[in-house]
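User: Hey, can you walk me through this structure? I'm new to this, so short answers please.

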Amino acid sequence: MKFPEGFLWGTATAAHQVEGNNVNSDSWLLEHMPGTIYTEPSGDACDHYHRYPEDIALLAELGFNTYRFSIEWARIEPEKGEFSQASLEHYRRMLVTCHEHDLTPIVTFHHFTSPRWLIAAGGWEDKDTPDRFARYCERATRHLGDLIGAACTVNEPNIPLLFSKARLVPTPDGQEPAPWQQAAAKALGITVDRLVPFIFAGSDRAVETILTAHRRAVEAIKSGPGDFPVGMTLALQDIQAGEGGEELAARMRYAINGVYLENLRDDDFVGVQTYSRMRFGPEGPLPPEEGVELTQVDYEFWPEALEATIRYAIDVTGIPVIVTENGIATTDDTRRIAYVERALRGVSNCLKDGLDVLGYTYWSAFDNFEWMQGYRPTFGLIAVDRETQERTVKPSARWLGAIARANEL
Ligand code: BGC
């Protein structure tokens, strides 16, 4: 299976999950509240903030030609309107390092974490947040744009909806906020109803705020310098119907995916991020099907979901796709290879049908901080020793790197 010339092959990370000590972010605060739902704090993470030169060199050596990472708003604008030249320079050095190793940098401007001041000002439901986000994007692009290969504005704004619809986290609607949420609001000097970090921003008002922020960010990023594709990424589970669940599945597919996709038709690409499928019966989400293997985070092992979501995303938007995340949390690296191989067959099927898929980035380069679940789930192609920070390349990294280098499966 040959892939088209120039196909992007890479891995993805997000600042907060790998950099370490992102102390000015909302997530750091939430991780440290008494009784928090985070199983452990992010701490040093993979110390990627300091180790990026070796890390990027390693990714290139493995055979990849692109690297997707995020820049951290909480570092670049630590206080409202106060931009850190040193942080911008840090990300400039990362971009230069990518180019030195012939990796096309795909930059995400917002991957779940926000500066604390933004949350204290009403977060992702506040009417001024689109302007604030656009100003940050404009400033960052002015400093970095000439080196960016492709840009994602926000990462997975539909994740709160996905989680609440799948009842993976308790739906906030009508529920008393937990004491840790109360404590976080107090620390920020706001009432708990105003506590809207991105990962919980699922209300209609939040959806509207984020979509407006995306549009404003696209304009800001397009003001240059640089001339690169700009898009948004979405968490696209393959939503399927169990017996009698056709109507609900169709409704959910629209509520979780469709509403967002319809708004992206003017973008240059859409970032498809797929891990599994989700099934609905007539009453609601169905548990994993009997006999289907589960991954470390209890998703069904269902690599075919990628092909289905690429087709759906292109069908609704009519724009090209970059697979900006696809991967599996497992301790058995042979299952990772099996998963990715099947997922790539799906990508190849799409390409054979003439669909415009520009690249594939595996989530994730490293075993990293998996948000509320801490460091237990291991999505990485590269293991990281939590004490010494030593990197160990897994067989799957060499296997996928060789495919990338050959540009064929
Ligand atoms: C997110 C990542 C996360 C990954 C695996 C995606 O929803 O963008 O930050 O680590 O899934 O759960």
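User: Let's start with Arg405. Is Arg405 buried or exposed?

Analyst: Arg405 is exposed, because its relative accessibility is 56% and the cut-off for exposed is over 50%. Keep in mind that this is a predicted model.

User: Where in the chain is Arg405?

Analyst: Arg405 belongs to helix 14, which covers residues 395-406.

User: How far is Arg405 from Lys186?

Analyst: Their C-alpha atoms are separated by 52 Å. Along the chain, Arg405 and Lys186 are 219 residues apart.

User: And Lys186 itself, buried or exposed?

Analyst: Lys186 is exposed, with a relative accessible area of 69%. Its place is in helix 9, residues 179-188. From Lys186 to Ile106 the C-alpha distance is 37 Å, with their positions 80 residues apart in sequence.

User: What about Ser27, buried or exposed?

Analyst: Ser27 is buried, since its relative accessible area is 3% and buried means under 20%. Ser27 lies in helix 2, residues 26-31.

User: Which side chain does Ser27 make a polar contact with?

Analyst: The side chain of Glu31, at 2.7 Å.

User: New topic, the ligand. How many residues surround it?

Analyst: There are 13 residues around the ligand. The closest are Gln17, His111, Glu156, Glu325 and Glu370.

User: What classes of residue make up that shell?

Analyst: Six are nonpolar, four are polar and three are charged.

User: How far is the side chain of Gln17 from an oxygen atom of the ligand?

Analyst: An N or O atom in the Gln17 side chain is 2.8 Å from a ligand oxygen. His111 also places a polar side-chain atom 2.8 Å from an oxygen atom of the ligand. For Trp363, a polar side-chain atom lies 3.3 Å from a ligand oxygen.

User: How much of the ligand does the protein bury?

Analyst: Taken alone, the ligand exposes 310 Å². The protein buries 94% of that.

User: You listed Glu156. What is its phi?

Analyst: Glu156 has a positive phi of about 45°, although it is not a glycine. Most residues other than glycine have a negative phi.

User: Where is Glu156, and is it buried or exposed?

Analyst: Glu156 lies in the loop between strand 4 (150-155) and helix 8 (159-165). Glu156 counts as buried, because its relative accessibility is 6%.

User: Which other residue has a positive phi without being a glycine, say in the loop between strand 11 and strand 12?

Analyst: Gln389, with a phi of about 70°. Gln389 sits in that loop, just as you say, with strand 12 at 391-393. Gln389 is buried, with a relative accessible area of 7%.

User: And Trp363, what kind of peptide bond runs from Trp363 to Ser364?

Analyst: A cis bond, with omega near 10°. Ser364 is in the loop between strand 10 and strand 11. Another cis peptide bond joins Gly224 and Pro225, with omega about 5°. Pro225 is in the loop between helix 10 (204-222) and strand 5 (230-235). Most peptide bonds are trans.

User: Switching to rings. How many aromatic pairs are there?

Analyst: The count comes to 22 aromatic pairs. Trp73 and Trp124 form an edge-to-face pair, 6.3 Å centre to centre with 75° between the planes.

User: Where do Trp73 and Trp124 sit in the chain?

Analyst: Trp73 is in helix 4, residues 73-76. Trp124 is in the loop between helix 6 (116-120) and helix 7 (129-144). The two are 51 residues apart, and the pair links distant parts of the chain. Both Trp73 and Trp124 are buried.

User: Why do Phe112 and Trp371 count as tilted?

Analyst: Their planes meet at 55°, so the pair is tilted. That angle is neither under 30 degrees nor over 60. Their ring centres are 5.2 Å apart.

User: Are those two buried or exposed?

Analyst: Phe112 is buried at 8% relative accessibility. Trp371 is buried too, at 10%.

User: Which cluster do these rings belong to?

Analyst: One aromatic cluster includes Trp73, Trp124, Phe112 and Trp371. Tyr38 and Phe198 are also among its members.

User: Last one. Which ring does the charged end of Arg277 sit over?

Analyst: The ring of Trp302, 3.6 Å from its centre. The charged end of Arg335 sits over the ring of Phe301, 4.5 Å from the centre.

Technical notes: Residues are numbered from 1 along each chain as its sequence is written. Side-chain values use heavy atoms; hydrogens and water are left out. A residue is near a molecule or strand if one of its heavy atoms lies within 4 Å of it. A polar contact is a pair of N or O atoms within 3.5 Å; within protein, one must be able to donate a hydrogen and the other to accept it, and residues adjacent in sequence count only if both atoms are side-chain atoms. Accessible areas come from the Shrake-Rupley method with a 1.4 Å probe; for residues, only the protein chains shown count as cover. Ala, Val, Leu, Ile, Met, Phe, Trp, Tyr, Cys and Pro count as nonpolar, Asp, Glu, Lys and Arg as charged, and the others, Gly among them, as polar. Rings of Phe, Tyr and Trp (its six-membered ring) pair if their centres lie within 6.5 Å; planes under 30 degrees apart count as stacked, over 60 as edge-to-face and the rest as tilted. Helices (H or I, at least four residues) and strands (E, at least two) are DSSP runs, numbered from the N terminus. Buried means under 20% relative accessible area, exposed over 50%, partly exposed in between (1.4 Å probe, protein chains only). A charge sits over a ring if NZ of Lys or CZ of Arg is within 6 Å of the ring centre and within 35 degrees of the ring normal.
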